[in-house]
Amino acid sequence: MGLKKFMIGFFALFTIGFALIVSGCQRQTDSQSNGTLSSVEQAQFQKATDQYQVTLIPDTPPLETKAETYVLQVKDAKTGQPVTAETVDVKVIMPMSGGSPMVAPTTVTKGTQPGEYQVKTEFTMAGDWTVQVTPSESAEAISMTVPVQDS
Ligand SMILES: [Cu+2]
């Protein structure tokens, strides 16, 4: 069917795009002041606001379309201390043009270290996903965009 071919071509273009995005990220330097996404080391994704600094760490980079558990670190941006919340709210979504966003089923459990959480999710499609972290009920959500490749 034409649609299927179109989708395959679409994904191929996306994959090339991600490669460019990833290499672009690696050239970025610290962005803590303006709060944009940066790649701290090759495979960590970090974003900071006035209040919080969040870092997403994949076990085996790059991010791929499969079920996996990631470490999420949440720190107080001012003191540098890990947050003490039992859990944080994490939403993993992919905005889709002309439709409602895709939502990845996500569970969060407390990690072994202070301020660390285990985020189990499944990126169901290659492309740019938005990881939205809300460290506490009164906090603003912190969104970072992460590129996901086909596994
Ligand atoms: Cu999608």
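The following questions and answers go through the fold, the sheet pairing and the core of this predicted model.

User: What is the mean pLDDT of the protein, and over which residues does pLDDT stay under 50?

Analyst: Of the residues in the protein, 72% reach a pLDDT of 70 or more. Where pLDDT is low, the predicted coordinates should not be read in detail, and the stretch under 50 has 16 contacts beyond four places in sequence in the model. The mean pLDDT is 82, and the stretch where pLDDT stays under 50 covers residues 20–36.

User: How many strands does the protein have, and what pattern does the protein follow along the sequence?

Analyst: The protein has one helix and 10 strands. Among the contacts with a separation of 6 or more, 50% are between residues 24 or more positions apart. Read along the sequence, the pattern is α-β-β-β-β-β-β-β-β-β-β.

User: In what order do the four strands of the open sheet lie, and which are its edge strands?

Analyst: The pairing in this sheet is antiparallel, and the order is E6-E5-E9-E10. From one strand to the next, the twist averages 30 degrees. Within the sheet, E5 and E9 are joined by five bridges, with Val 92 standing opposite Val 131 of E9. Pairing on one side only marks the edge strands, which are strand E6 (102–104) and E10.

User: Which residue of E8 is the bridge partner of Leu 72?

Analyst: E4 pairs in the antiparallel sense with E8 over seven bridges, and E4 is also joined to E3 by six bridges, again antiparallel. In the pairing of E3 with E4, the bridge partner of Gln 53 is Lys 75. For Leu 72, the partner in E8 is Tyr 117.

User: Which residue in the turn of the hairpin formed by E7 and E8 has a positive phi?

Analyst: Strand E7 (residues 107–110) and strand E8 (residues 116–122) run antiparallel and are joined by four bridges, one pair of bridge partners being Thr 107 and Lys 120 of E8. Five residues lie between the two strands of the hairpin, and the positive phi, of about 75 degrees, belongs to Gly 115.

User: Which strand gives the most residues to the largest nonpolar core?

Analyst: In soluble globular proteins, nonpolar side chains tend to be buried together. Here, buried residues make up 25% of the 151 residues, and the largest nonpolar core holds 25 residues, with Leu 72, Val 74, Val 90, Val 131, Val 133 and Val 146 having the most contacts inside it. At least two residues of this core come from each of several strands, among them E2 (45–48), E3 (52–57), E4 (67–76) and E5 (89–94). With four residues, the strand that gives the most is E10.

User: Which residues does Val 90 touch, not counting those up to four places away in sequence?

Analyst: Val 90 is one of the residues with the most contacts inside the largest nonpolar core. Leaving out residues up to four places away in sequence, Val 90 touches Leu 72, Thr 106, Val 108, Val 119, Val 131, Gln 132 and Val 133.

User: Why does Val 146 count as buried, and what distance separates the C-alpha atoms of Val 146 and Leu 63?

Analyst: Val 146, in strand E10, counts as buried because 23 C-beta neighbours lie inside 10 Å, where the cut-off is 20 or more. Leaving aside neighbours within four places in sequence, Val 146 is in contact with Phe 45, Leu 56, Leu 63, Trp 129 and Val 131. Val 146 and Leu 63 are 83 residues apart along the chain, and their C-alpha atoms are separated by 8.0 Å.

Notes: Residues numbered from 1 in each chain as written. Predicted model: local features only at pLDDT ≥ 70, side-chain atom pairs only at ≥ 80, totals over all residues. Pairing = 2+ DSSP bridges. pLDDT = per-residue confidence, 0-100. Contact = placed C-beta atoms within 7 Å. Buried ≥ 20, exposed ≤ 12 C-beta atoms within 10 Å, placed from the backbone. Core = buried A, V, L, I, M, F, W, Y, C linked by C-beta atoms within 7 Å. Axes fitted to C-alpha atoms, helices over the stretch in contact; angles between N-to-C directions.
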